[in-house]
Amino acid sequence: MAQDQALFEYLLRLGDNTLVLGHRVSEWCGHSPVLEEDIALANTALDLIGQTQLWLGLAGEVEGKGRDADTLAMLRDIWDFRNLLLVELPNGDFGQTLMRQFLFDAWQSINLGRLMNSTDPRIAEIAAKASKEAAYHVERSGDTVVGLGDGTDESHARMQKALDYLWPYVGEMFLSDDVDATLVKAGIAPDPASLRDDYDALIGRVMDSATLTIPDSRFTHKGGKTGKTHTEHLGHVLTSMQWLQRAYPGASW
Amino acid sequence: MRPSVKQIWQWLDDVPDPEIPVISLVDLGIIRGVEWRGDTLEVAVTPTYSGCPATSIINLDIETALRGHGIDKLEIKRQLSPPWTTDWLSDTGREKLQKYGIAPPTAAGGPAACPNCGSANLNKVSQFGSTPCKAAWRCNDCLEPFDYFKCI
């Protein structure tokens with residue numbers, strides 16, 4: 001695979017993860033259980049959308065066809081999205097949202113740490129910026145998972161249910177294809193599989209404190225990062241996220 | 001005659017942060033470079049948080065201020081690296097924050113004292129606050145909630 005094509009695909013994966021999760025998290029705005037959590041979720045969403053602008057902006061540059069971050073975000077259809085299935089799943093209750101956030105933040109913080117050493121300086125500098133935000137996110141989502149997991153019988157049961165539901169979507173983070181292989185060879189990105197040990201160690205520590213049990217299975221749903229098979233949920237996300245640009249192309253204010 | 005770089009830094013030090021107007025953009029540490037390239041002035045600005053909605057307003061404010069001082073040829077560059085850190089907040093910026101009621105960042109990761117009564121008996125309400133750069137805390141003695149400028 002040509003390196004520029006692989007790089008473009010890889011940047012879409014990074015940018016689509018933060019875009020779709022950022023949009024999902026923003027759906028909580030005005031609906032959270034308490035005001036402080038509402039503000040926290042909105043801030044998290046804002047960081048993720050900011051990171052999206054950087055990743056998709058660079059993707060557009062690498063592609064060289066004049067598409068900017070907005071165009072890539074708002075005018076691609078479902079089959080062109082490259083995000084992990086995990087981030088497009090519905091929010092569920094507050095606990096499920098925070099569990100999904102933690103499962104993602106843990107991976108994101110480890111991956112960004114590795115990308116800071118990328119041989120591509122443009123990627124390294126975005127990773128350095130984003131990793132500060134990701135470190136803050138994983139601290140909060142991890143603390144919340146512990147607080148709710150090791151909380152009341154009700155909150156514990158809900159968090160266990162959330163973990164059981166989301167776990168089969170975790171494995172996709174560590175799968176590789178030609179895109180990864182090309183970039184690993186060039187020293188641009190880490191081998192996804194090489195992140196698994198650090199990830200398992202972090203998740204293990206937090207779930208332990210949260211008194212939650214990690215399901216004993218490595219079965220994984222896949223098809224998000226390759227774009228082959230998204231869930232039906234992504235279509236609903238795009239319908240609400242993109243409607244304005246679809247209805248009024250080129251709209252600005 | 002083109003104004004000196006030192007003069008331009010002084011002008012920029014008069015431009016308030018749009019969200020925390022008590023400190024200037026220079027106090028905040030986001031102006032990373034001021035340089036003449038021929039007859040064009042280049043100002044390098046780094047974002048505080050990648051999604052901070054104030055970023056475009058900040059660029060507009062810089063442009064308005066410098067144009068007001070007669071600088072016509074101006075380029076504002078985004079500089080990502082090295083990433084912004086609260087270590088770049090100036091000492092005067094920290095004092096101004098404190099007086100304004102926002103606890104300045106500390107390496108320990110939490111406010112040193114309540115900006116209202118000075119008590120160290122504090123608790124964290126939320127890791128996030130009214131803007132991306134702040135967290136919400138409360139004083140257990142005077143019971144006042146206050147903003148803490150996150151340390152990153």
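Start by selecting Thr211 in chain A: Thr211(A) sits in the loop that runs between helix 9 (196-209) and helix 10 (232-247) of chain A. Check its backbone angles while you're there. Thr211(A) isn't a glycine, yet its phi is positive, at about 55 degrees. One thing to keep in mind as you click around: this is a predicted model.

**Next stop: a loop in chain B**

Hop over to chain B and pick Ser81 and Pro82. What kind of peptide bond joins Ser81(B) and Pro82(B)? It's a cis peptide bond, with omega at about -5 degrees. To get your bearings, look for strand 3 (74-78) and helix 4 (91-100) of chain B; Pro82(B) is in the loop between them.

**Back to chain A: two helices that cross**

Now highlight residues 121-149 of chain A, which are helix 6, and residues 153-166, which are helix 7. Turn the view until you can see both axes. They come within 7 Å and cross at roughly 125 degrees. That angle is why helix 6 of chain A counts as oblique to helix 7 of chain A.

Which residues make the contact? Show these side by side:

- From helix 6 of chain A: Val145(A), Leu148(A) and Gly149(A).
- From helix 7 of chain A: Ser155(A), His156(A) and Met159(A).

Colour this set by type and you'll get three nonpolar residues, three polar ones and no charged ones.

**Stay on helix 6: a salt bridge**

Select Arg140(A) and Glu37(A) and show their side chains. The two form a salt bridge, and their closest N and O atoms are 2.4 Å apart. Arg140(A) belongs to helix 6 of chain A and Glu37(A) to helix 2 (residues 35-63) of chain A, so this pair ties together parts that lie 103 residues apart in sequence. If you fancy a hunt, the structure holds 20 salt bridges over all chains.

**Last stop: where the chains meet**

Zoom out and give chains A and B their own colours. How many residues of chain B are in contact with chain A? There are 22, and they touch 21 residues of chain A. Between them, the two chains bury about 1,900 Å², with 61% of that on carbon and sulfur atoms. On the side of chain B that touches chain A, you can colour 11 residues as nonpolar, nine as polar and two as charged.

Don't look for salt bridges across this interface, as the rule finds zero. Try polar contacts instead: seven residue pairs turn up across the interface of chain B and chain A, with both residues at pLDDT 80 or more.

Technical notes
Residues numbered from 1 in each chain as written. Chains lettered and ligands numbered in written order. Predicted model: local features only at pLDDT ≥ 70, side-chain atom pairs only at ≥ 80, totals over all residues. Heavy atoms only, no water. Contact = heavy atoms within 4.5 Å. Buried area = accessible area lost by both parts, 1.4 Å probe. Salt bridge = Lys/Arg side-chain N within 4 Å of Asp/Glu carboxyl O. Polar contact = N/O pair within 3.5 Å; in protein donor to acceptor, adjacent residues only side chain to side chain. Nonpolar A, V, L, I, M, F, W, Y, C, P; charged D, E, K, R; others polar. Axes fitted to C-alpha atoms, helices over the stretch in contact; angles between N-to-C directions. Helix = DSSP H or I, 4+ residues; strand = E, 2+ residues; numbered from the N terminus. Parallel < 35°, antiparallel > 145°, perpendicular 65-115°, else oblique.
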